[in-house]
Amino acid sequence: MEGDWTSERRPMDSEIGDQVVKKMVEETKTKRVESLDIFRGLTVVLMILVDDAGGKWQMIGHAPWNGCNLADFVMPFFLFIVGMAIPLAFKKIPNWALGSKKVIIRTIKLIFWGLILQGGYSHAPDKLTYGVDMKQIRWCGILQRIAISYLIVSLLEIATKRAMPKDFLLDRRSVFRVYCLQWLIAACILVVYLSVLYGTYVPDWSFTVYNRDNPDYGKVLKVSCGVRGKLDQPCNAVGYVDREVLGINHMYIHPAWRRSKACSENSPYEGPFRKDAPSWCQAPFEPEGILSSISSILTTIIGVHCGHVLILRKRHLDRLKHWFLMGVFLFVFGIILHFTNAIPLNKQLYSFSYVCLTAGAAALVFSLFYVVVDILGIHYLFLPFKWIGMNAMLVYVMAAEGIFAGFINGWYYDDPHNTLIYWIQKHIFISVWHSTKVGILLYVIFAEILFWALVAGICHRFGIYWKL
């Protein structure tokens, strides 16, 4: 009986496998790519998770300097997704002027919201105040970096867009060949970035401590450099360019390097500075600065290429081969560069190895979602991600940037720390689990991520979306 049962099952297994292969090789119909929405939603979820729980779970927070933790994949994933969406958005461009106008207006909106949310104007969710001293406004941020990459790559896409011949034969090299100008621009960007990074002389510099809680408040601290081509915290060209162009008072005042072993007594957690901590531990550093943002354009261009593959390749299998092979190559190449000490993985510098590894990971993750969702049709497991991805700006502003939490904290009883949010954290999550780490993690998952997934789902049900 056992042998008969096996022989009967084999044809069924074979039929299932044939059906999957058939779906992969068949030509696709024009429809919304749900896997891209889901991937975008996952990235927003990761941002909320690492921002609000990363302080207690440092293995998912940003690496203090060299290295790549879970949080360090968020920005490249966003840029990759923006890149993939660009060819879809400009698939049919009425005219160059209209397309360029659309790009410029959206760029201005992104920069505006970036300055409001991360420039220092909003103090949510912990402080019930707003406003920023223009002498210390932070010019750069997440949305500003996305805006710069979107502007440059979109205008490049519009400028290089041309009609495809009907009899064009798509071999393995054709997608690269059609958009070879974009890859030439990418190569020029890489050359400029590496030339400035390794060729710029970084002199000694100084800064004033503006933190009133710091015993060194008001003091001018000096940092000794006088070197060229170094990639350490105090003497790299990325920080030097930002100090010279932006001004040191307009840079991020809580850089991740404060958690490094040289600075923090509780490394990799943030804590009191070591008694022998070097002066640069207290200095600002801009993780979304000028030179690193130039390098980040490469991630968006790689995303654009994957979008081109989505449009030009008509069969699922052809698309997946391209994405998978490119993803594996980039991921492995990034690892090799890091572990051979050629170019370290570094999110703060947006190093070339970091570009390769994170863009490769993005291509692989998207490929997985594409197989499961767009080919196999398994949608319901990922509905929360899809809802968030279709209303990413709403969830980013309200949850990731803490605007909604700041609004709730504005209604307190007797003491500003006696709010509904603090009560829920303490009595429903932390006290029940008798652990601050576990309680905060569960609070973020259930009271933030799932809550905003439901809100985004309701908005989707009624066709409400926040689009720029």
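I will start with a cysteine that has no partner. The sulfur of Cys 306 is 13 Å from the closest cysteine sulfur, which belongs to Cys 356, and that is too far for a bond. A disulfide here requires two cysteine sulfur atoms within 2.5 Å. Cys 306 is buried all the same, with a relative accessible area of 1%. Please keep in mind that this is a predicted model.

Now the cysteines that do pair. A disulfide is a covalent bond between the sulfur atoms of two cysteines. How many disulfides does the structure hold? It holds 2.

One of them joins Cys 225 to Cys 235, with an S to S distance of 2.1 Å. The angle about the S-S bond is -90°, and the link of Cys 225 and Cys 235 is left-handed. Cys 225 sits in the loop between β3 and β4, and Cys 235 in the loop between β4 and α8, so this pair ties together parts that are 10 residues apart in sequence. Cys 225 and Cys 235 are both buried.

Another disulfide joins Cys 263 to Cys 281, and there the S to S distance is 1.9 Å. This link is left-handed as well, with -80° about the S-S bond. Cys 263 and Cys 281 each lie in the loop between α8 and α9, 18 residues apart, and the pair links distant parts of the chain. Are these two cysteines buried or exposed? Cys 263 is buried at 0% relative accessible area, and Cys 281 is buried at 1%.

If you number the bonded cysteines in sequence order, the pairing reads 1-2, 3-4. Cys 180 is in no disulfide; its nearest cysteine sulfur, in Cys 188, is 12 Å away. Cys 180 counts as partly exposed, at 47% relative accessibility, whereas the unpaired Cys 306 is buried.

Next, the strands that come before Cys 225. Strand β2 covers residues 205-208, and 4 bridges join β2 to β3 in an antiparallel arrangement. Within that pairing, Thr 208 of the chain stands opposite Val 220 in β3. Strand β3 itself runs over residues 220-223, and its side chains alternate. Which of them are buried? Leu 221 and Val 223 point to one face and are buried. Val 220 and Lys 222 point to the other face and are not buried. Val 220, the residue opposite Thr 208, is therefore on the face that is not buried, since buried means under 20% relative accessible area.

One side chain in a helix is also worth a look. His 316 is found in helix α10, which spans residues 316-339. His 316 is buried, with a relative accessible area of 7%. What does the His 316 side chain contact? It makes a polar contact with the side chain of Tyr 370, at 2.7 Å.

Last, a pocket. The second largest pocket contains about 1,400 Å³ of space. Its lining has 44 residues, and those nearest the centre are Arg 32, Leu 36, Asp 37, Arg 40 and Ala 85. Which element gives the largest share of that lining? Helix α3, residues 74-89, does so with 7 residues. By class, the lining of this pocket has 27 nonpolar, 5 polar and 12 charged residues.

To go back to the cysteines once more: Cys 225 is joined to Cys 235, Cys 263 is joined to Cys 281, and Cys 180 is in no disulfide. That is what I have for today.

Technical notes:
Residues numbered from 1 in each chain as written. Predicted model: local features only at pLDDT ≥ 70, side-chain atom pairs only at ≥ 80, totals over all residues. Heavy atoms only, no water. Buried < 20%, exposed > 50% of the residue type's maximum accessible area, 1.4 Å probe, protein only. Helix = DSSP H or I, 4+ residues; strand = E, 2+ residues; numbered from the N terminus. Pairing = 2+ DSSP bridges. Polar contact = N/O pair within 3.5 Å; in protein donor to acceptor, adjacent residues only side chain to side chain. 1 Å grid on protein atoms, 1.4 Å probe; cavity = no way out; pocket = protein on both sides within 12 Å on 5 of 7 lines; lining within 4 Å. Points joined across faces, edges and corners; volume = space filled by probe spheres on them. Nonpolar A, V, L, I, M, F, W, Y, C, P; charged D, E, K, R; others polar.
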